[in-house]
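I opened a new structure today and kept notes as I went. Pockets come first, then the overall build, then one residue.

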Amino acid sequence: MKYFLKSKLILISKTFKYIRYRKNHLTGHCKICGKKSIFLYAGENKKESLHCVFCNGWLRLRYLADCIIKEFSQNNAQSLNDLVKEQKFKTLSIFQAQSEGPLNTYLKKCDNYVCSEFFIKREPGAIYQGIRNEDLQNLSFNDETFDLLIHTSVLEHIRKPKLALKEQYRVLKPGGILLFEVPLVDPWNSAIRTNSVIRVDTAFNADKFILDPVYHGDPQRKKGALVYTDWGLDIIEELEITGFNISYSSIRLNNSMMGHIVVFKCIK
């Protein structure tokens with residue numbers, strides 16, 4: 001009964017929010033589910049809003065899906081739903097460092113798709129609560145396993161990001177691609193951040209806060225996921241040092257708390 005009432009209250013709250021912002025909703029073709037859709041604006045952060053009414057894909061995920069399609073489609077796919085039906089893409093070895101959301105809904109239709117979450121104090125590769133546990137700093141996969149590795153808004157939460165980048169490079173096949181999105185802007189500042197800011201000193205076993213702690217929403221953690229690094233474009237240097245060949249694409253979001261979405265394409 002409590003769960004039922006809570007669900008009803010959430011639905012009512014969302015309904016009022018969507019009615020309130022009805023003038024800001026958009027229409028278009030969803031790059032995830034492929035349907036002609038309405039994208040529901042739910043607040044001042046367009047990057048985390050403008051949800052597709054059919055698949056619930058918000059703008060950040062839809063832009064990443066578009067980048068995947070442009071990189072891999074051979075038959076002019078118009079959506080991720082189209083792309084996973086293409087035989088060559090369907091047979092790629094793909095790892096997504098997230099287990100929930102609309103990208104996962106379609107990518108799991110591929111033959112060699114693996115997804116995961118990170119559970120502290122659980123063995124890498126183990127199944128916990130029905131979900132595979134993987135630590136990007138210590139992946140359980142063999143060398144040269146994947147053709148494509150994907151994550152979005154994850155790298156800012158990694159305690160040892162340099163180690164995580166080396167691990168991702170290791171598990172990619174030669175010519176394999178890492179496609180990821182990471183926040184590169186400060187709230188209400190439209191300029192892309194040039195220099196990264198370390199928020200937490202991780203030189204020793206215990207975290208030492210350099211700046212006030214910031215947490216982002218995380219379905220696996222009630223408190224949220226701690227932000228270790230506010231990344232800037234100097235992340236390119238770290239990626240190149242790791243061995244990747246780098247390019248990136250971005251879109252600017254006007255009148256949005258987060259003014260850009262940036263996706264990096266990293267080829268091994």
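**Entry 1: the largest pocket.** I am working from a predicted model. I looked up the largest pocket and found a volume of about 1,400 Å³. I then asked which residues lie closest to its centre. Among the 50 that line this pocket, they are Ser153, His157, His216, Gly217 and Ala225.

Next I checked which elements supply two or more residues to this lining. I noted the helix α2 (59-72) and the strands β13 (215-218), β14 (221-226) and β15 (229-230). Which of the elements gives the most? It is β14, with 4 residues. I also sorted the lining of the largest pocket by class: 21 residues are nonpolar, 13 polar and 16 charged.

**Entry 2: the second largest pocket.** I moved on to the second largest pocket, which holds about 240 Å³ of space. I listed 15 lining residues here, and the closest to the centre are Pro161, Lys162, Ile198, Thr229 and Trp231. Two or more lining residues come from each of α6 (161-171) and α7 (235-242). How does this lining divide by class? I wrote down 6 nonpolar, 3 polar and 6 charged residues.

**Entry 3: the whole protein.** I stepped back to the full chain. I read 7 helices and 17 strands for the secondary structure. Is the protein as compact as a globular one of its length, or less so? I compared its radius of gyration, 19 Å, with the 18 Å that the globule rule gives for 268 residues. The two are close, so the protein is as compact as a globular protein of that length.

I took the extent of the C-alpha trace too: about 50 × 50 × 45 Å along the principal axes. Of the 268 residues, 47% are buried. I looked at contacts with a separation of 6 or more, and 55% of them join residues 24 or more positions apart. For the surface, I noted about 14,400 Å² exposed, with carbon and sulfur atoms supplying 52% of it.

**Entry 4: Asn104.** I picked one residue for a closer look. I found Asn104 in helix α5, which runs over residues 102-107. Is Asn104 buried or exposed? Its relative accessibility is 9%. Buried means under 20%, so Asn104 counts as buried. I then asked what Asn104 is in contact with, leaving aside neighbours within four places in sequence. I listed Gln96, Ser99, Tyr113 and Cys115.

Methods: Residues numbered from 1 in each chain as written. Predicted model: local features only at pLDDT ≥ 70, side-chain atom pairs only at ≥ 80, totals over all residues. Heavy atoms only, no water. 1 Å grid on protein atoms, 1.4 Å probe; cavity = no way out; pocket = protein on both sides within 12 Å on 5 of 7 lines; lining within 4 Å. Points joined across faces, edges and corners; volume = space filled by probe spheres on them. Nonpolar A, V, L, I, M, F, W, Y, C, P; charged D, E, K, R; others polar. Rg over C-alpha atoms; globule rule 2.2 N^0.38 Å. Buried < 20%, exposed > 50% of the residue type's maximum accessible area, 1.4 Å probe, protein only. Contact = heavy atoms within 4.5 Å. Areas by Shrake-Rupley, 256 points an atom, 1.4 Å probe, with all protein chains shown as cover.
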